[in-house]
Amino acid sequence: MTHHDQRLLRLAIAIDAQGKTEHGKAARAELPTASWLQCERTLRLMHRAHRRGWHLAAQWLARDLRGSLLRLPGDLTALAGELEPHECETCLTSARDIYADLLALRQEFDEVAFDRRRRTLSVTTEPIELDGVYLGPFEIQLDWSDLTAGHPDNYRVAALDAHSAASNDSVTHPHVQDEAVCEGEARQTIHSALEQRRLLDFFVVVANLLRTYNSDSPYVTLSDWCGAECADCGGTVSDEERWTCDKCESSVCGVCHQSCPDCDDVCCSECVTTCTGCDETRCRSCISDCSVCQDVFCEGCLNEDERCSNCHEKENEATEACDSAATCRAPVAVQPDCMGEVVVPA
């Protein structure tokens, strides 16, 4: 037996011992004493409230006591369930079977790693490619500290050369998000393998899930994998249908993209605005503020003085009014009255 095989044997013995420890937890089960003591305390407070005439408080305490009493049967039922022999207890694999699985894992996967102190066992898949989309290799890491519970969080799937979906960095595989795999119909098979400590079956089933694409339940479809998120609607757009805003370089879909009629630049909704005069949309580079009212207008709706037509008309009307008023206030020349005057030579 090689040194590595000896290490695998010690690992198999440790996993087997941990499984027996988990099955022995029922022997340390305790009665719900704390819940019962809480009921007794609530009952005493309720009686005291009645004696002192605090009837409203007594009603609230009675309601709390009733709720606590209704929960007690559930606690007792759960305890009884813990004391029952586990239905899979007779199906548990032995240390020898676990050791055989560990040896088989080395034949099935290129890399097998384990850490007895942290109680982890992991395998690495080959680089995975689905429908022409390269996803890279994945590490399947199992926490074997609580296999009998079949807990859904005791293993994770991590991308070692992540090629995440363009629209969501946490999706590294159509069926993997935040290192949690969507098990689908394989859920029962995976959890049964974990509860019975059939390590080879567990890793093979999960690896096959990664090698398979189910178009009915992906986090992100493969057709949208290399796309981008539209900055306006938030939808995923493929590279072939994606437009790039000439102003901020964000991605927009064919429905959301807009074209400026003045400069023909492609824009997203954040880089365009509407002219107050003609109600047409233009990019922010092709629109200006009226020097008087400060509203935004396109070049065609501003005159040479950078004023809109409304402000221009108001200023003309004001000028005409001022001219008219000035004319009315101007003094009239008075001619001297020369009647009866005769020019006398000197």
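How much accessible surface does the protein chain have, and what share of that belongs to carbon and sulfur atoms? In this predicted model, the accessible surface comes to about 21,600 Å², and carbon and sulfur atoms hold 49% of that area. Turning from the outside to the inside, 32% of the chain's 346 residues count as buried.

As for the overall make-up, the protein chain has 7 helices and 19 strands. Its contacts can also be sorted by distance along the sequence: taking those between residues at least 6 apart, 46% join residues that are at least 24 apart.

Strand 2 is a handy place to start looking around. This strand covers residues 120-124, and 5 of its 5 residues are buried. Thr-120, Ser-122 and Thr-124 point one way from the strand, while Leu-121 and Val-123 point the other way. Both sets are made up of buried residues.

Strand 2 has strand 1 as one of its partners. Strand 1, residues 111-115, runs antiparallel to strand 2, and 5 bridges join the two. Within this pairing, Glu-111 has Thr-124 of strand 2 as its bridge partner; Thr-124 is also one of the buried residues mentioned above. The two strands make a hairpin with 4 residues between them. Arg-119 sits in the turn and has a positive phi of about 60°.

Strand 5, residues 138-143, pairs with strand 2 as well, again antiparallel and again through 5 bridges. Here Val-123 stands opposite Ile-140 of strand 5. Strand 2 is thus joined to strand 1 and also to strand 5.

Terms used
Residues numbered from 1 in each chain as written. Predicted model: local features only at pLDDT ≥ 70, side-chain atom pairs only at ≥ 80, totals over all residues. Heavy atoms only, no water. Buried < 20%, exposed > 50% of the residue type's maximum accessible area, 1.4 Å probe, protein only. Contact = heavy atoms within 4.5 Å. Areas by Shrake-Rupley, 256 points an atom, 1.4 Å probe, with all protein chains shown as cover. Pairing = 2+ DSSP bridges.
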